[in-house]
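Reader: Hi! I'm new to reading protein models. Could you walk me through this one?
Author: Happy to, let's open it up.

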Amino acid sequence: MSVRELVPHSFVQHRLDPDDRVWEVPVPHPSTLFGEELRKRRLKAGLSLTDLSGLVHYSKAQLSKVERGIKAPSRDLTRLCDAALDADGTLIALSAPTAVDSPAVSAPGRVEEENWMMQLSPDGPNSFGPVGRREVMNAGVASLMTWRSDGSGPASPAAGAGMLEASRSLFTHYRRLGQTVGPGLLLPVLIAQTHTLRELSAQSDSATRRRLLALGSRYAEYVGWLVQETGDERAALWWTQRAVDLAAAGGDQALAGYALVRRALVTLYREDAEQTIALARRAQSGVLPSRIRGLAAQREAQGHALAGDVGACLRALDRARTLLARRNDGADGPVIGSMHLPDSVGMVTGWCLVDLGRPREAGEELDRQLTLVGPDAVRTQVRYGVRRALAYACAGEIDHACALTEPLLDGVTAVRSATVTTDLRRLVKVLGRYPDHPPVRRLAPRLGTLSRPTTPLEESPS
């Protein structure tokens, strides 16, 4: 019998000995290592399988299979066991997926030299993205309609000031509207507005130019967030870099720090704790405004929660609260980050407690925070409401989780959020362990439809 047959639940690696002979060396499968560590810690804590089952709300049979390496643990089971056994992230590390490289953001370039192209169709997909000069030439001059200023002279100060006032007001309205509609409905107008601010800045005096570019950078940053909501990480990062470029052209270097926070959001949803923490720490330089550092500390806390490090998570949250309580230094434009969270640190605390395997505490904290969110902030209500339902489901309160989920489903349909879909899929997996539960049976068909993996919307930037 071969080595491979002797270790059905192990990996097999090949190794050369000094005589260049090839040997097959059994390497323990990750689920085997996890199961062994779980059993060791359970016994050390004096818990039976029945006891642990009561703490994590998974069946005794399921836990037995996990301990014997027959079945790999789910993400939520891993976190619940880690918290129940005070493993401080050890069990999470044993079951963590192999990290992928953090997506890179291209180096800042001269925004004036880019070619942007938007294609709008009344009955088909809309798209927008960077187009190289060669691609523009290949498209044929006759097939493109272009326009630009007539070169008659600089814009009047009144024109620049008027555009600033109108665009600032519109930006607030667009962000509010973004709480109730899908990204695809807003992206064309936001992209056009960003382009208009950039073009007008080239015709304005230096002071007006800086303000126009600063506001344009906020538009571009918001576009990046909405694009991420469509599930297109690459385009989201591209737009975040455009925001950095516009801000830098206007003399604002601070937005480059916030770009790190946005990149860390991408790695957070990839469940890459190490990169999330590293990027967030880079955005906490003392030269950056306190709001950006506070948002970065929140993101760092979410990374530590992914890693199961309770102490580091709570310390980062404390740091975030201190920084965000300070006066918004160095900023006279629209607020960076969410404008719909009255207590962002409290909400992120509830978010982190789910990943730390403390679902009951998470649900109670999210209960408190969601009462502070206005009813018109549908996207925010849905995003954190689904995570609250997930918390109660992980805590074994299935009826309550279903009752919380049902009124959110219309909002899930309206906002079409890839980030919400991620948590919704986790919720479906937890509820799927109770297929005979009447509330679960009632919600299952619609949850199955809404939790399908999100792909980038056709009307998003390409």
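Reader: How many helices and strands are there in the chain?
Author: The chain has 22 helices and four strands. Keep in mind that this is a predicted model.

Reader: Okay, predicted. What is the mean pLDDT of the chain?
Author: The mean is 83, and 76% of the residues reach 70 or more. Over residues 1–28, though, the pLDDT is below 50, and this stretch has 36 contacts in the model beyond near neighbours in sequence. Residues 98–113 are also below 50, with 29 such contacts.

Reader: Good to know. How much of the chain is buried?
Author: Buried residues make up 50% of the 462 residues. As for the surface, the chain exposes about 22400 Å², and carbon and sulfur atoms supply 53% of that.

Reader: What about contacts between residues 24 or more positions apart?
Author: They account for 68% of the contacts in the chain with a separation of 6 or more.

Reader: Let's go inside. Which residues have the most contacts in the largest nonpolar core?
Author: That core has 54 residues, and the ones with the most contacts inside it are L38, V56, L63, C81 and L431. Helix α18 gives the most to this core, with eight residues.

Reader: Tell me about α18, then! Is it buried or exposed?
Author: Of its 17 residues, 16 are buried, so α18 is largely enclosed by the rest of the structure. The helix covers residues 378–394, and at 1.5 Å a residue it should span 24 Å; its end C-alpha atoms are 24 Å apart, which agrees. After α18 comes G396, with a positive phi near 85°.

Reader: Back to C81 for a second. What is C81 in contact with?
Author: Leaving aside neighbours within four places in sequence, C81 is in contact with L38, L52, V56, L63 and L91. There is also a second, separate core of 53 residues, which includes F171, L187, W225 and A273.

Reader: You mentioned a positive phi on a glycine. Which residue other than glycine has a positive phi?
Author: H57 is one of them, with phi near 65°. Most residues other than glycine have a negative phi. H57 lies in the loop between α3 (49–56) and α4 (60–67), and it is partly exposed, with a relative accessible area of 28%.

Reader: And what about R416, where is it?
Author: R416 is in the loop between α20 (409–415) and α21 (418–431). Its phi is positive too, near 45°, and at 41% relative accessibility R416 counts as partly exposed.

Technical notes:
Residues numbered from 1 in each chain as written. Predicted model: local features only at pLDDT ≥ 70, side-chain atom pairs only at ≥ 80, totals over all residues. Heavy atoms only, no water. Helix = DSSP H or I, 4+ residues; strand = E, 2+ residues; numbered from the N terminus. Buried < 20%, exposed > 50% of the residue type's maximum accessible area, 1.4 Å probe, protein only. Contact = heavy atoms within 4.5 Å. Areas by Shrake-Rupley, 256 points an atom, 1.4 Å probe, with all protein chains shown as cover. pLDDT = per-residue confidence, 0-100. Expected span 1.5 Å × (residues − 1). Core = buried A, V, L, I, M, F, W, Y, C linked by side-chain atoms within 4.5 Å.
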